[in-house]
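Student: I would like to learn how labels such as "buried" or "salt bridge" are earned. Could we go through some cases together?

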Amino acid sequence: MERDMVHDTVHNLGGTVAKAPNQTPMGGSMTKTSQTELLNLLKREKASPITWETLCEQLDQDSSLLESKRLHDLLDGWDDDIRVLPERWLEVMLSGQDVPKAAIAREIHADSSDLGDAELEALAASPQLEHIKALWLAKNQIGDEGMLALMRSHYIDNLRIIDVRENKVGFEGIDAILRHPELPRQLHILDISGNADLANADFHGRLGRSRKLIRLRSLALDDLAFDEDAIRIFAYARVFNRLQSLSLRRNLVNDEAVAYLARSPYLGKLRSLDLSDQGGAGLTSKALVTIGSSRVLSELT
């Protein structure tokens with residue numbers, strides 16, 4: 001009902017545009033009065049995916065509103081996870097065309113969208129990527145070539161979140177992230193779970209020796225065959241001293257590996273630790289006792 005009310009109000013504003021003198025129906029520029037009314041509506045309504053989509057639909061009809069400083073000031077107060085790039089705009093970007101209105105988006109949600117290396121290369125070449133802070137790209141067909149293209153992009157200065165779980169990314173693709181001169185130092189969330197080619201000791205060691213992920217708050221490493229040796233390296237990696245969330249689901253974590261986590265000098269800020277569904281020797285009640293008595297992990301919620 002909320003969407004219908006907001007949409008109907010904007011549609012009526014569009015009707016006002018169509019009836020104004022010297023204006024073309026639904027395709028011409030909005031009058032100043034109509035712009036003001038729309039901006040007042042957006043300010044009154046609670047910022048939500050509904051009001052965001054309504055705004056995007058209006059911009060599809062008339063992009064002159066993008067010139068309004070008041071619009072951009074208003075959007076600055078909206079959470080980034082509301083300002084998701086519409087799928088129809090993403091399709092145009094992936095075709096190699098510019099989408100100037102995409103500059104108001106902050107996140108791309110493209111899980112299970114059948115994206116491969118070619119699509120990621122096209123995205124990496126798009127100037128509109130410059131404004132994006134989060135790439136949610138899980139369950140696609142992205143491999144090393146796509147990741148390498150993304151890391152070569154001139155438009156990833158604002159990226160804070162990368163989720164490429166359950167793709168086809170290998171050591172070369174993730175290593176490109178870790179070798180990037182700037183990106184690792186600004187990432188807050190990284191999810192590389194379920195990329196089968198990363199389930200090896202070479203990758204485990206490379207991640208543990210990384211010195212650049214200094215702002216990382218959340219790291220997901222599910223389904224990557226992390227075992228006791230890999231956890232030992234990880235637990236003593238100073239770069240993870242700001243980590244608040246760590247997911248190690250469906251790995252090979254045992255009681256001894258948990259002991260390394262519990263003694264780590266750098267994991268004291270962890271609030272969330274997921275060790276569910278372990279294979280191999282698995283976990284026993286001893287691991288719970290270790291976690292419960294650990295001063296390092298005392299902040300877990």
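Tutor: Gladly; what follows is a set of labels, each set against its cut-off, in a model that is predicted.

Student: Let's begin with charge pairs. What makes Asp163 and Arg165 a salt bridge?

Tutor: Their closest N and O atoms are 3.0 Å apart. The cut-off is a Lys or Arg side-chain nitrogen within 4 Å of a carboxyl oxygen of Asp or Glu, so the pair of Asp163 and Arg165 at 3.0 Å qualifies.

Student: Why is Asp163 called buried?

Tutor: Asp163 has a relative accessible area of 3%. Buried means under 20%, so Asp163 earns the label. Its partner Arg165 has 23% relative accessibility. Partly exposed covers the range between under 20% and over 50%, so Arg165 is partly exposed.

Student: Which other residue meets the side chain of Arg165 in a salt bridge?

Tutor: Asp191 does, at 3.6 Å from N to O. This pair links distant parts of the chain, 26 residues apart: Asp191 is in strand 4, while Arg165 is in the loop between strand 3 and helix 8. Asp191 has a relative accessible area of 13%, and since that is under 20%, Asp191 is buried.

Student: How do you know that Arg250 and Asp223 form a salt bridge?

Tutor: The closest N and O atoms of Arg250 and Asp223 are 2.8 Å apart, which is within 4 Å, so the pair counts. Here too distant parts of the chain are linked, with the two positions 27 residues apart: Arg250 lies in the loop between strand 6 and helix 11, and Asp223 in the loop between strand 5 and helix 10. Arg250 is partly exposed at 34% relative accessibility, and Asp223 is partly exposed at 31%.

Student: Which residues are joined into one network by salt bridges that share partners?

Tutor: Glu53, Asp60, Arg88 and Lys101. Over the whole structure, a search finds 13 salt bridges.

Student: Now the surface. What makes Arg242 fit for the positive patch?

Tutor: The patch is formed by Arg185, Arg215, Arg242, Lys269 and Arg271. Patch members need over 30% relative accessible area and no salt bridge. Arg242 has 34%, so Arg242 passes the area cut-off. This residue lies in the loop between helix 10 and strand 6.

Student: On to helix 12. How do you know that its buried residues line one face?

Tutor: The buried residues there are Ala287, Thr290 and Ile291. Seen down the axis of helix 12, they fall within an arc of 95 degrees, so they line one face of the helix. On the other side of helix 12, Ser285, Lys286, Leu288, Val289 and Gly292 are exposed.

Student: Last, the backbone. What is the phi of Asp114, which is not a glycine?

Tutor: Asp114 has a positive phi of about 60 degrees. You will find Asp114 in the loop between strand 1 and helix 6. With a relative accessible area of 60%, which is over 50%, Asp114 is therefore exposed.

Student: And why is Lys139 called partly exposed?

Tutor: Lys139 is at 43% relative accessibility. That value is neither under 20% nor over 50%, so Lys139 counts as partly exposed. Lys139 has a positive phi of about 60 degrees as well, although it is not a glycine, and lies in the loop between strand 2 and helix 7.

Notes. Residues numbered from 1 in each chain as written. Predicted model: local features only at pLDDT ≥ 70, side-chain atom pairs only at ≥ 80, totals over all residues. Heavy atoms only, no water. Patch = residues over 30% accessible without salt bridge, like charges linked within 9 Å, V, L, I, M, F, W, Y side chains within 5 Å. Areas by Shrake-Rupley, 256 points an atom, 1.4 Å probe, with all protein chains shown as cover. Lys, Arg positive; Asp, Glu negative; His and termini not counted. Charge placed at Lys NZ, Arg CZ, Asp CG, Glu CD. Helix = DSSP H or I, 4+ residues; strand = E, 2+ residues; numbered from the N terminus. Buried < 20%, exposed > 50% of the residue type's maximum accessible area, 1.4 Å probe, protein only. Arc of directions from axis to C-beta.
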